[in-house]
Amino acid sequence: MISELLAYRTIFFKTNRKNHKVAFMKILHTSDWHIGRSLYGRKRYYEFSAFLDWLAEFIKTQSIDALLIAGDVFDISTPSNRAQELYYRFLCKVSASCCRHIVVIAGNHDSPSFLNAPKELLRALNVHVVGSITENPEDEVITLAGSSYIPEAIVCAVPYLRDRDIRIVEAGESIEDKNTKLIDGLQRHYADVCSIAEGKQKKYKQTNQISFIPIIGMGHLFTAGGKTVDGDGVRELYVGSLAHVDKDVFPACLDYLALGHLHVSQKVGAAEYMRYSGSPIPMGYGEAYHKKSVVIVEFSNDLQPKITLHPVPCFQALERISGGIDEITERIHELKSKGSNAWLEIEYTGTEIAGNLRELIDEAVADTAMEIRRIKNKRVIERIISRTCEDETLDDLNVNDVFIRCLNTYEVLADERPALIQSYKEIITSLQEEDANAE
């Protein structure tokens, strides 16, 4: 009996003066792992492995009861065997720990059918996977029960909602019409799912004499006013966000909303209980100096949950160095003196054209553990930015840059561009959302 109490010390029920039970639960919220992502051709499996090992140990030391993964588990819809191995090994390890529930939703980078394929098998490990919406919204409502099969929380596990999931296309629609339909469709879907959750909550309270069972929402989307990341290596990650939704679209019954998609850890507006956990490792140099974290949410009564951000260690330093030759080499020598193993992105902004830039930098990092991942010669780029040149590569452009070049080439008028750009973004989104694994 003592050992059982110790094993479930954070999941227990106390009786209050009215003889009603109150649930205690500790939840960890994370998202946007992007397992398998590389950085300018450099594989990053060591970082992903180190993070997942750290997370498994952190869950154990913090006595976490439930883990919520809010989308973008993988970076692409067809992850490599090594990426899959890291994911499934982690799930097995955590499911055998104190964490008795894991809920995974798909993000816009995930293949819904790929994530869903082993869902029945994973359910035996108390891993609940929701890769896509179905005809029945109840499939997205997951009850987390304790060791005595008493409900402790209800999760509205809403995956990334694709355009075709929530909007019917009609000829002649304006951009405003399309965005309004997207937001309305998303709002209706959350309302339907949360209505089912409220019905279950009421039933559980009556049946089990529990005064409080939290309803926790999940989602993978772009909220209005959300902070994003600029910079190479991450700018294409937000493709698929045609409409930005306001926090008012989410039902008031939610006691916490665990979101994914934005890589900066943040609240939604001023709402403490609506949060993005952010990505756990920097996906590019634009995130190099961001403090990465996971979120712990503790429910102990019907008051506001206790929300704590816990820092994630840095597993691989990224360093962006910008300036003239002297500034760049001086900074490299500083890092060298500290024994740094950072991956470097160099941006030369000097006034003179440095034809031997690569040789100078290679010499500066010689006999160190540092790696040069990219060198950008801003002087060269400025000279050729208005025309195609053999020195310019696709690394210097993203899909939107290419389209803007086309508009410039054909001298498209400024007042005609917004509609064309919006249509182009819809086409790119449609291509991104195609599930390569579906049949």
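**Exercise 1. The nonpolar cores**

Find the residues that touch the most other members of the largest nonpolar core, which has 39 residues.

Solution. Step 1: within that core, Ile35 and Phe90 touch the most other members. A nonpolar core is here a set of buried Ala, Val, Leu, Ile, Met, Phe, Trp, Tyr and Cys residues joined through side-chain atoms within 4.5 Å. Buried means under 20% relative accessible area, exposed over 50%, and partly exposed in between (1.4 Å probe, protein chains only). The model is predicted: local features need pLDDT of at least 70, side-chain atom pairs count only at pLDDT 80 or more, and totals for chains, interfaces and linings use all residues. Residues are numbered from 1 along each chain as its sequence is written, and side-chain values use heavy atoms, leaving out hydrogens and water.

Step 2: two or more residues of this core come from each of α2 (45–61), β4, α3, β5, α4 (112–116), β6 and β14. Helices (H or I, at least four residues) and strands (E, at least two) are DSSP runs numbered from the N terminus. Helix α2 gives the largest share, 10 residues.

Step 3: leaving aside neighbours within four places in sequence, Phe90 is in contact with Trp33, Leu52, Leu55, Ala56, Ile59 and Leu67, where contact means heavy atoms within 4.5 Å. A second, separate core has 31 residues, among them Ile154, Cys194, Ile213 and Leu257.

**Exercise 2. Strand β5 and its partners**

Decide whether strand β5 (residues 101–105) is enclosed or open, and describe its pairing.

Solution. Step 1: 5 of the 5 residues of β5 are buried, so the strand is largely enclosed by the rest of the structure. His101, Val103 and Ile105 lie on one side and Ile102 and Val104 on the other; both faces are covered.

Step 2: β5 pairs in the parallel sense with β4 (residues 66–70) over 5 bridges; two strands pair if DSSP finds at least two bridges between them. Leu67 has Ile102 as its bridge partner in β5. From β4 the chain passes through helix α3 (residues 81–95) to β5 in a right-handed β-α-β crossover. Right-handed means that, with the strands pointing away from the viewer, the path from the first strand over the helix to the second runs clockwise.

Step 3: β5 is also joined by 4 bridges to the parallel strand β6 (residues 127–130). Here Ile105 stands opposite Val130.

**Exercise 3. The sheet of 6 strands and helix α7**

Give the strand order of the open sheet of 6 strands, and compare the expected span of helix α7 with the distance between its end C-alpha atoms.

Solution. Step 1: the order is β7-β8-β10-β11-β13-β12, and the pairing is mixed. Strands β7 (141–145) and β12 (266–268) stand at the edges with a single partner strand each, so one side of each has no neighbour in the sheet. Neighbouring strands are turned by 30 degrees against each other on average, direction ignored.

Step 2: β8 (residues 151–157) and β10 (residues 215–220) run parallel and are joined by 4 bridges. Cys156 has Gly217 as its bridge partner in β10. Helix α7 packs on the sheet, touching β7, β8 and β10, and its direction makes about 170 degrees with that of β8. Axes are lines fitted to C-alpha atoms, for helices over the stretch in contact, and angles run from 0 to 180 degrees between N-to-C directions.

Step 3: the expected span is 1.5 Å times one less than the number of residues. For the 34 residues of α7 (residues 175–208) this gives 50 Å, and the end C-alpha atoms are 49 Å apart, which agrees. Buried residues of α7 include Leu182, Leu186, Tyr190, Val193 and Cys194. Just after α7, Gln209 takes a positive phi of about 55 degrees.

**Exercise 4. The sheet of 3 strands**

Describe the open sheet of 3 strands and the helices α8 and α9 that lie across its strands.

Solution. Step 1: the order is β16-β17-β18, with parallel pairing. At the edges, β16 (318–323) and β18 (371–377) each pair on one side only. The twist averages 15 degrees from one strand to the next.

Step 2: β17 (residues 343–348) and β18 share 6 bridges, and Leu344 stands opposite Ile372 in β18.

Step 3: α8 (residues 325–337) lies across β16 and β17 at about 150 degrees to β16. Helix α9 (residues 357–365) lies across β17 and β18 at about 155 degrees to β18.
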